[in-house]
Amino acid sequence: MTLVPYIPLLNAHFAHEPHWWPIHTPQRVYEVTLGMVLVQQTRWEAVEAAVLRILAAGYTSFAELAEADPQVIGELCKPCAFYLRKGVALVRLAGEVLAYPGQMAGILALPRAEARATLLALPQIGRESADTILLYGGSVPLFIVDAYARRFLARAGIYPQINVLTAPYDDVQRLVEADLALTDLHQARELHAMMVEICIHHCTANKPRCQQSGAVRKFVDARKCAEHCPPCAGCPVAAQCAYQQASGLV
Ligand code: SF4
């Protein structure tokens, strides 16, 4: 089985969203990094609001953030979970980035494995966060193995040879990247966006909306569509989905 035939179906359903990852300043990787620390155990809507507050307060680069009072940054991170702890982590992370030769640009210029290992050594940066920074902050085409991707791949039954819900992160990543021969940055960014979108709107954790219109979601950023996922007839891959077939729904 392969993910390949699912991609055009997802693409057709979730039209390209230029501000899917909203960027407000020329400091793309800075904003992506902020988002990855803030999103831990937090809804994305709260993350977007906190990023805007941090930028509006004048902390628009790693250099400015490294000089900040962690308490002040923590307050700006409200209502993200653990906002005070995240404020401390962000200031510390910025300091460590500045101390690295070439700073974040220097890290992103490293070969993929080395860049990932360097990012993983930063505070509050795990595998998903490191890969997200490489994909959206840098230009490394890769597949992010987050909970959304695992859920979609498992329910759709695309890779029955492994248990994608429990298999090691790197095993799933290698499998998908080899399947897709993933080398195109735009395709890789769109693919992660679609894994997130399909799980938010249709392949929800409980009671997936296979035959129903997608759940609606509101965003803070005015450039994004106010309500994502317009009314539809159901999940765009329902006819191919193993979960649907096992349930006798198709
Ligand atoms: S058909 Fe249902 S279970 Fe299958 S991928 Fe779509 S929402 Fe998920």
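**Exercise 1. Find the volume of the second largest pocket, then describe its lining.**

Step 1. The second largest pocket has about 180 Å³ of space. A pocket here is an open set of points on a 1 Å grid over the protein atoms alone, where a 1.4 Å probe fits, with protein on both sides within 12 Å along at least five of seven lines; lining residues have an atom within 4 Å of a point. Grid points are joined across faces, edges and corners, and the volume is the space filled by probe spheres set on the points.

Before going on, please note that this is a predicted model: local features need pLDDT of at least 70, side-chain atom pairs count only at pLDDT 80 or more, and totals for chains, interfaces and linings use all residues. Residues are numbered from 1 along each chain as its sequence is written, and side-chain values use heavy atoms, leaving out hydrogens and water.

Step 2. Look for the lining residues, among them His16, Trp20, Trp21, Arg28, Tyr136 and Glu190.

Step 3. Sort the lining by class: 5 nonpolar, 2 polar and 4 charged residues. Ala, Val, Leu, Ile, Met, Phe, Trp, Tyr, Cys and Pro count as nonpolar, Asp, Glu, Lys and Arg as charged, and the others, Gly among them, as polar.

Step 4. Helix α12 gives the most to this lining, with 4 residues. Helices are DSSP runs (H or I, at least four residues), numbered from the N terminus.

**Exercise 2. Work out where the largest pocket lies relative to domain 1 and domain 2.**

Step 1. Begin with the volume of the largest pocket, about 690 Å³. Of its 29 lining residues, Val39, Trp44, Asp146, Tyr148 and Val196 are the closest to the centre.

Step 2. Helix α12 again gives the most, here with 5 residues. The lining divides into 15 nonpolar, 6 polar and 8 charged residues.

Step 3. Domain 1 (6-18 + 144-246) and domain 2 (28-137) both supply lining residues, so the largest pocket lies between them. The bounds come from an automatic or database domain assignment.

Step 4. The C-alpha centres of the two domains are 25 Å apart. Their contact (heavy atoms within 4.5 Å) takes 19 residues from domain 1 and 14 residues from domain 2.

**Exercise 3. Identify the residues that join α2 to α6.**

Step 1. Locate helix α2 at residues 28-38 and helix α6 at residues 83-99.

Step 2. On the α2 side, pick out Thr33, Leu34, Val37 and Leu38; on the α6 side, Lys86, Leu90 and Leu93.

Step 3. By class, this contact has 5 nonpolar, 1 polar and 1 charged residues.

Notes:
Helix = DSSP H or I, 4+ residues; strand = E, 2+ residues; numbered from the N terminus. Axes fitted to C-alpha atoms, helices over the stretch in contact; angles between N-to-C directions.
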